[in-house]
Amino acid sequence: MEQILYSLTDYKVLAIIVGFILIAVETFLPVLPLIAIVVANAFVLGMWMGFLVSWVGSGVASVALYLVVNKFSKWKYFEKYQEKNKIKKVIIWIKKQGFNSIFISYACPFIPDFLVTVGSGFTGLDLKTFVSGMVCGKFVMFLLISYVGEDINHIISHPMKIVVFICAILISWVIGQRINKKIHKSGSNK
C-alpha cells in the first residue's frame with residue numbers, strides 16, 4: 001500500500017483523478033473508509049490539494065446523492081412511510097434544525113455522511129439548507145483530517161494547533177450560519 005501511495009506522488013494528475021473518484025464513490029458506498037481516503041489524498045497530493053480534491057469530490061457526490069434520494073422519496077411507496085407518526089416527528093425535527101443539524105453532522109467525522117445525505121433527501125430538506133450546511137461542515141472536517149493526515153507527529157508535538165482548529169470550527173459554524181441566512185433571505189425576496 002505504501003508503494004502505491006509513493007508511486008502516485010509522481011503522477012499528480014492521476015492521483016487527483018483517483019482521489020476524486022474514490023471520495024465520490026465513498027459517498028454512495030459508505031463501506032469505504034472516508035478518513036483513510038482523505039488522509040491518503042493529503043499525504044499523496046499535499047495538504048491543500050488533497051483537501052480540495054476530497055472536499056469538492058465529496059460535495060459534488062453528496063449533492064447528486066441528495067437529489068436522487070429526494071426524487072425517490074416522492075414515490076408513493078416511500079410517502080406512506082413518511083406518514084407514520086415517529087417518522088413524521090423526525091422529519092419535522094430535521095427541517096426545524098436545518099443548517100445546524102447538517103453542519104454538525106458533516107463536521108463530525110464519525111457520523112456517516114451517507115446517512116445524513118440520505119436522511120436529508122428523504123425528509124425533503126430544502127436544497128439550499130442542505131448544500132450550505134454540507135459544504136461548510138465538510139470544509140471543517142476535511143480540512144482537519146487533511147491537516148492531521150499531512151503530518152500527525154507535528155500536531156501531537158504542538159497542542160496549540162488543536163486549539164486553533166477548535167476555534168476554526170467555531171468560526172466556520174458562525175460564518176456558515178450567516179451564509180445560510182443570506183441564502184434564504186435572497187431566496188425569499190424573489
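L29 is partly exposed, because its relative accessibility is 46% (buried means under 20% relative accessible area, exposed over 50%, partly exposed in between, with a 1.4 Å probe and protein chains only). L29 sits in the loop between α2 and α3 (34-45). This is a predicted model, so local features need pLDDT of at least 70, side-chain atom pairs count only at pLDDT 80 or more, and totals for chains, interfaces and linings use all residues. Residues are numbered from 1 along each chain as its sequence is written, and side-chain values use heavy atoms, with hydrogens and water left out.

**Overall build**

- The protein chain holds 11 helices and zero strands. Helices (H or I, at least four residues) and strands (E, at least two) are DSSP runs, numbered from the N terminus.
- Read from the N terminus, the order of elements is α-α-α-α-α-α-α-α-α-α-α.
- The protein chain has 190 residues, and 37% of them are buried.

**The nonpolar surface patch**

- L29 belongs to a nonpolar patch on the surface, along with V13, I17, F20, I21, V25, F28, V31, M49, L52, V56 and V60.
- Together these residues have about 1,000 Å² of accessible area. Such areas come from the Shrake-Rupley method with a 1.4 Å probe, and for residues only the protein chains shown count as cover.
- Two elements, α2 (12-28) and α4 (47-73), give two or more residues each to the nonpolar patch.
- Which element gives the most to the nonpolar patch? That is α2, with six residues.
- Patch members have over 30% relative accessible area and no salt bridge. Nonpolar side chains (Val, Leu, Ile, Met, Phe, Trp, Tyr) are joined within 5 Å, and like charges within 9 Å.
- A helix has a regular beat: an α-helix has 3.6 residues a turn, so residues three or four places apart point the same way.

**Helix α8 and its neighbours**

- Helix α8 covers residues 113-123 and packs against α4 at an angle of about 40 degrees. The two axes are 7 Å apart.
- Axes are lines fitted to C-alpha atoms, for helices over the stretch in contact, and angles run from 0 to 180 degrees between N-to-C directions.
- The α4 and α8 pair is therefore oblique. Angles under 35 degrees count as roughly parallel, over 145 as roughly antiparallel, 65 to 115 as roughly perpendicular and the rest as oblique.
- The crossing of α4 and α8 is right-handed. A crossing is right-handed if the near helix is turned clockwise from the far one by less than a right angle, and left-handed if anticlockwise.
- Helix α7 (residues 99-107) crosses α8 at roughly 160 degrees, and their axes come within 9 Å. So α7 is roughly antiparallel to α8.
- The crossing of α7 and α8 is left-handed.
- Which residues of α8 are buried? They are D113, V116, T117, S120, G121 and T123.
- G124 comes just after α8 and takes a positive phi of about 75 degrees.

**One salt bridge**

- How many salt bridges are there? The count is one.
- A salt bridge needs a side-chain nitrogen of Lys or Arg within 4 Å of a carboxyl oxygen of Asp or Glu.
- The partners are D113 and K138, at 2.7 Å from N to O. This pair links distant parts of the chain, with D113 in helix α8 and K138 in helix α9, 25 residues apart.
- Are these partners buried or exposed? Both D113 and K138 are buried.
- Side chains of opposite charge can pair when their charged atoms come close.

**Contacts across the sequence**

- V38 is in helix α3. It is buried, because its relative accessibility is 0%.
- V38 and W55 are 17 residues apart in sequence, yet their C-alpha atoms are 8.8 Å apart.
- V69 lies in helix α4. Its relative accessible area is 14%, so V69 is buried.
- V69 and G124 are 55 residues apart in sequence and 9.1 Å apart in space, C-alpha to C-alpha.
- C108 is in the loop between α7 and α8. C108 has a relative accessible area of 25%, so it is partly exposed.
- The C-alpha atoms of C108 and F142 are 9.9 Å apart, with their positions 34 residues apart along the chain.
- L144 is part of helix α9 (residues 127-150). At 30% relative accessible area, L144 is partly exposed.
- L144 and M47 are 97 residues apart in sequence, with 9.9 Å from C-alpha to C-alpha.
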